[in-house]
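Here are my notes on the model you sent over. Have the structure open while you read, and take the points in order.

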Amino acid sequence: MLKEIIHDLNQLKNDKKIAGQQRFFKTGKGEYGEGDVFIGVSVPELRKIARKYRELDFSSLHELLSSEIHEYRLTALFILRLKYERTKNDNDKGEICDFLIENRQGINNWDLVDSSAHYILGDYLLDKDKDILYKFAKSENLWERRIAIMTTFGFIKKGKFDDTLKISEILLEDNHDLIHKAVGWMLREIGNRNQEVEEKFLKKHYKKMPRVMLRYAIEKF
C-alpha cells in the first residue's frame, strides 16, 4: 500500500505551486524550513488521500514521515489523526501517541505540528503524565518547543489551562518568532474561554513578553 499512496500523491504534483509553498514555509538557506521539499499538492487533496489510505500500517507511516517531501509527512499525520479519532481503545490511542513522539523528527514545520499535536497528544495526555511536554518546552529543537505549547490547545478546549500557562512561562524568553506566535495564540484561546485567567497572566508577564507574543495574546481584547 505504500507504493500506491506515493503513486497517488505524485500524480497530484503541481509544479506551479511549488515555488509559492517554498516561500510560504521558509525553505531558503538559514530559514526555519531550510531544505524542505514540496511537490505542490494542496491540503484538501492530501486529506482526500489520507481518507483513502486510512488503514495504512505504522511501518508505511514511518516511511512517509521519514521522507524529505513535506506532503508525504503531512499526509501521514492526517492518517494518524484518522486512526486516533476512530479508535475507542486507550491502549491503541497510546500506541498512536508513542508512534507520533518516536517519529517527531518528521514533524519539522509549523503546519505539521499544528495538524497533529493537539489533536492526538492534546487529547491523550489530558488526564495523564505530561512530563514529556515540559521536556519539549526546554528543548533546543524549535519544533519540540512548538509541540509542547500547541499540544496544550487540546487541554484548553476541555477548560484546563494550567499546563498552557506553565509552559508559556517557560517559553516567555524564547528567541523564535514561531514560538512567540504559538504562545500568544494559546493565551488568546484561554482568553476566549476565560478572559480573567488570561489577563492575570498578562499582568504578571507583559513587561518581558516579546511584542509578537503579546500582540497575538490581546488580539481580541
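Is arginine 188 buried or exposed? Keep that one in mind; the answer comes in point 1. One caveat before the list: this is a predicted model.

1. Arginine 188 is buried, because its relative accessible area is just 12%. This residue makes a salt bridge with glutamate 219, and the closest N and O atoms of the two are 3.2 Å apart. Arginine 188 sits in helix α12 (residues 177–193) while glutamate 219 is in the segment after α14 (211–217), so the pair ties together parts 31 residues apart in sequence. Glutamate 219 has a relative accessibility of 52% and therefore counts as exposed. If you are clicking through, look at both ends of this pair: a buried arginine and an exposed glutamate.

2. Next, the bridge between aspartate 114 and arginine 146, where the closest N and O atoms are 2.7 Å apart. Aspartate 114 belongs to helix α7 (residues 110–114) and arginine 146 to helix α10, so here the pair ties together parts that are 32 residues apart in sequence. Both partners, aspartate 114 and arginine 146, are buried.

3. Then there's a salt bridge inside one helix. Glutamate 85 pairs with arginine 81, with 3.9 Å between the closest N and O atoms; the cut-off for a salt bridge is 4 Å. Both residues lie in helix α5 (residues 70–86), 4 residues apart, which is about one turn of the helix. Arginine 81 counts as buried because its relative accessibility is 11%. Glutamate 85, at 45%, counts as partly exposed.

4. How many salt bridges does a search of the whole structure find? The total is 14. Besides the pairs above, have a look at Asp90, Asp127 and Lys128, which are linked in a network of salt bridges.

5. Now for helix packing. Helix α10 (residues 142–157) and helix α11 (residues 162–170) have axes that come within 8 Å and cross at roughly 160°. That angle is why α10 is described as roughly antiparallel to α11. The crossing of the two helices is left-handed. On the α10 side, the residues in contact are Ala148, Ile149, Thr152, Phe155 and Ile156; on the α11 side they are Asp163, Thr164, Ile167 and Ser168. Sorted by class, this contact has 5 nonpolar, 3 polar and 1 charged residues. Helix α10 should ring a bell, since arginine 146 from point 2 lies in it.

6. Between α10 and α11 there's a loop, and lysine 158 is found in it. Its relative accessibility is 57%, so lysine 158 counts as exposed. For a reference point elsewhere in the chain, try glycine 122: lysine 158 and glycine 122 are 36 residues apart in sequence, with a C-alpha to C-alpha distance of 9.9 Å.

7. Last, a loop residue that is buried. Threonine 27 lies in the loop between α2 (15–24) and α3 (43–52). Threonine 27 counts as buried because its relative accessible area is 14%. What does threonine 27 touch, leaving out residues up to four places away in sequence? The answer is Gln22, Gly33, Glu34, Gly35, Asp36 and Phe38. Set this next to lysine 158 from point 6: threonine 27 is a buried loop residue, whereas lysine 158 is an exposed one.

Terms used. Residues numbered from 1 in each chain as written. Predicted model: local features only at pLDDT ≥ 70, side-chain atom pairs only at ≥ 80, totals over all residues. Heavy atoms only, no water. Axes fitted to C-alpha atoms, helices over the stretch in contact; angles between N-to-C directions. Parallel < 35°, antiparallel > 145°, perpendicular 65-115°, else oblique. Left-handed = near helix turned anticlockwise from the far one by under 90°. Contact = heavy atoms within 4.5 Å. Nonpolar A, V, L, I, M, F, W, Y, C, P; charged D, E, K, R; others polar. Buried < 20%, exposed > 50% of the residue type's maximum accessible area, 1.4 Å probe, protein only. Salt bridge = Lys/Arg side-chain N within 4 Å of Asp/Glu carboxyl O.
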